[in-house]
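Biologist: I'd like a close look at one part of this protein. Could you take me through the main nonpolar core and the aromatic rings around there?

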Amino acid sequence: MTNTTEARGTQATEVLSYAAIPAGELDAIRMAGRDEAGNVLEIQVHAEGGAPLRCCLREARAGERLLLIAYTPPGTAGAYAERGPVFIHAEHCDGYPTPHHYPPWLIGRPQVVRAYDRQGRIADGVLVTDGHQAQGVIAELLARPEVALVHLRNVGYGCYNFSVGAVRANGG
């Protein structure tokens, strides 16, 4: 999504940014040997692959070394600051390589799109059938002045997948 508006004589463009868990945060967790809930990290190897990785926003390949950690997503506060399980690579991962594109591994999956206001409270939640519908809903929610950030979550287990925000870029 790209929205163009005029700002102070220059063209300002808002571009969606699909954000995995930042590599630096995950490196600190790996280095500590414990997740944010204090759980000791244990390496898992999934023979079939398919686990959703929140470090690079793709599914794990067969035989990859993974960690299942407790994580509180960004932009939430108080009672809305949910902590839940997420899979990440056991070793350093450079992150999601195309942050301005919806993650392809989720395009065919139903998701819950949850909007948060600037105080970290839930502002709205929408069940979508797939990533194509999600992209439109994300754009609509982020266009609301009270919405600061959007999370996407799995339908069945409710696990956090990634966050989406609008980033302002100036063009010529």
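Modeller: Here is a walk through the core, then the aromatic pairs, then a hairpin. Keep in mind that this is a predicted model.

Let's start with the core. The largest nonpolar core has 21 residues, and V113, I138, V150, L152 and V164 are those with the most contacts inside it. At least two residues each come from β2 (10-19), β8 (111-117), α2 (131-143), β10 (147-154) and β11 (160-171). The helix α2 gives the largest share, five residues.

A good place to stand is I138. Setting aside neighbours within four places in sequence, I138 is in contact with L16, Y18, Y102, V113, V150, L152 and V164. There's also a second, separate core of 19 residues, and I29, C56, L67 and I88 are among them.

Now, the rings. You'll find four aromatic pairs in the structure. Take Y71 and Y160: their ring centres sit 6.0 Å apart with the planes at 40°, which falls between the 30 and 60 degree cut-offs, so this pair counts as tilted. Y71 belongs to strand β6 (residues 65-71) and Y160 to strand β11, so the pair links distant parts of the chain, 89 residues apart. Both Y71 and Y160 are buried.

Y102 and F162 make another aromatic pair, this one edge-to-face, at 5.8 Å centre to centre and 80° between the planes. Y102 lies in the loop between β7 (84-89) and β8, while F162 is in strand β11, so this pair ties together parts that are 60 residues apart in sequence. How hidden are these two? With a relative accessible area of 7%, Y102 is buried, because the cut-off for buried is under 20%. F162 counts as buried too, at 0% relative accessibility. Add Y18 and you have one aromatic cluster: Y18, Y102 and F162. Two of that trio, Y18 and Y102, turned up earlier on the contact list of I138.

Last stop: V113 again, one of the core residues with the most contacts. Its bridge partner in β9 is V126. The strands β8 and β9 (residues 122-128) run antiparallel and are joined by six bridges. Their hairpin has four residues between the strands, and in this hairpin G120 takes a positive phi near 80°.

If you're clicking along, try I138 with its contacts, then the Y102 and F162 pair, then V113 and V126.

Technical notes. Residues are numbered from 1 along each chain as its sequence is written. This is a predicted model: local features need pLDDT of at least 70, side-chain atom pairs count only at pLDDT 80 or more; totals for chains, interfaces and linings use all residues. Side-chain values use heavy atoms; hydrogens and water are left out. A nonpolar core is a set of buried Ala, Val, Leu, Ile, Met, Phe, Trp, Tyr and Cys residues joined through side-chain atoms within 4.5 Å. Buried means under 20% relative accessible area, exposed over 50%, partly exposed in between (1.4 Å probe, protein chains only). Contact means heavy atoms within 4.5 Å. Rings of Phe, Tyr and Trp (its six-membered ring) pair if their centres lie within 6.5 Å; planes under 30 degrees apart count as stacked, over 60 as edge-to-face and the rest as tilted. Two strands pair if DSSP finds at least two bridges between them.
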